[in-house]
Amino acid sequence: MTSLKIRVAGFGGQGVILSGYVIGKAASIYDKKEATLVQSYGPEAGGEACSAQVIISDTTINYPLVDTPDILIAMSQEGYSKFSASVKKGGVILIDEDLVFPSSTDKRVMKIPATRIAEELGRKIVANMVMLGFFSSQCDAVSVDGMRESIKTSVPKGTEELNLNAFNKGYEYRKHNK
């Protein structure tokens, strides 16, 4: 891996920015790679599309903006609609299948019922951690152990177990649904 460009997209309140932060922190702090995070939530913060852009690299990152992501994690229809066309040809789009309905595309689309899984855990708010687990099962640019450590040290105190359980459910989903 020279570099991997990731965009996480959804709406305000879904933990999109936290998701990008967790990925970047896992890569830089726990896996000792280079990583950048750019977040966009300005006027969109009130339930509209927001995004986090993460670049992970083995070498110095000279420009932090993600113009053509390798991976799009789409947690809302609006996030998908706004950013899916920018994914590089042959790139991967991970979607919450209950919230995002993709159009035909030349990108590989992978689906997980992240919100439904989070609801089964008792807290819809951890759907972002389910998506991060699913992301980790697809991508080896960041170690699973690094992601778990990043989650433990990034989520609000007292919610670590719930968030890690959500991450693990997303990670395991891939194994049982190939």
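The expected span of a helix is 1.5 Å times one less than its number of residues. With that in hand, welcome to a few close-ups of this predicted model.

**View 1. Helix α4, end to end.** Helix α4 covers residues 127-138, 12 residues that should span 16 Å at 1.5 Å a residue. The C-alpha atoms at its ends lie 17 Å apart, which agrees with that expectation.

**View 2. The surroundings of α4.** Here you can see that α4 is mostly covered, with 10 of its 12 residues buried. Among the buried residues of α4 are Met129, Met131, Phe134 and Phe135, and the buried set also includes Asn128, Gly133 and Ser136.

**View 3. Strand β5, enclosed.** Strand β5 runs over residues 92-96, and 5 of its 5 residues are buried, so the strand is largely enclosed by the rest of the structure. Take a look at its two faces: Val92, Leu94 and Asp96 are buried on one side, while Ile93 and Ile95 are buried on the other.

**View 4. From β4 to β5.** Strand β4 (residues 71-74) and β5 run parallel and are joined by 4 bridges. Ala74 has Ile95 of β5 as its bridge partner. Between these strands the chain passes through helix α2 (residues 77-83), making a right-handed β-α-β crossover.

**View 5. The pairing of β5 with β6.** Strand β6 (residues 108-112) pairs with β5 in the parallel sense, over 5 bridges. Ile95 is a handy residue to follow here: it stands opposite Lys111 in β6, and it is also the bridge partner of Ala74.

Methods. Residues numbered from 1 in each chain as written. Predicted model: local features only at pLDDT ≥ 70, side-chain atom pairs only at ≥ 80, totals over all residues. Heavy atoms only, no water. Buried < 20%, exposed > 50% of the residue type's maximum accessible area, 1.4 Å probe, protein only. Pairing = 2+ DSSP bridges. Right-handed = clockwise from strand over helix to strand, strands pointing away.
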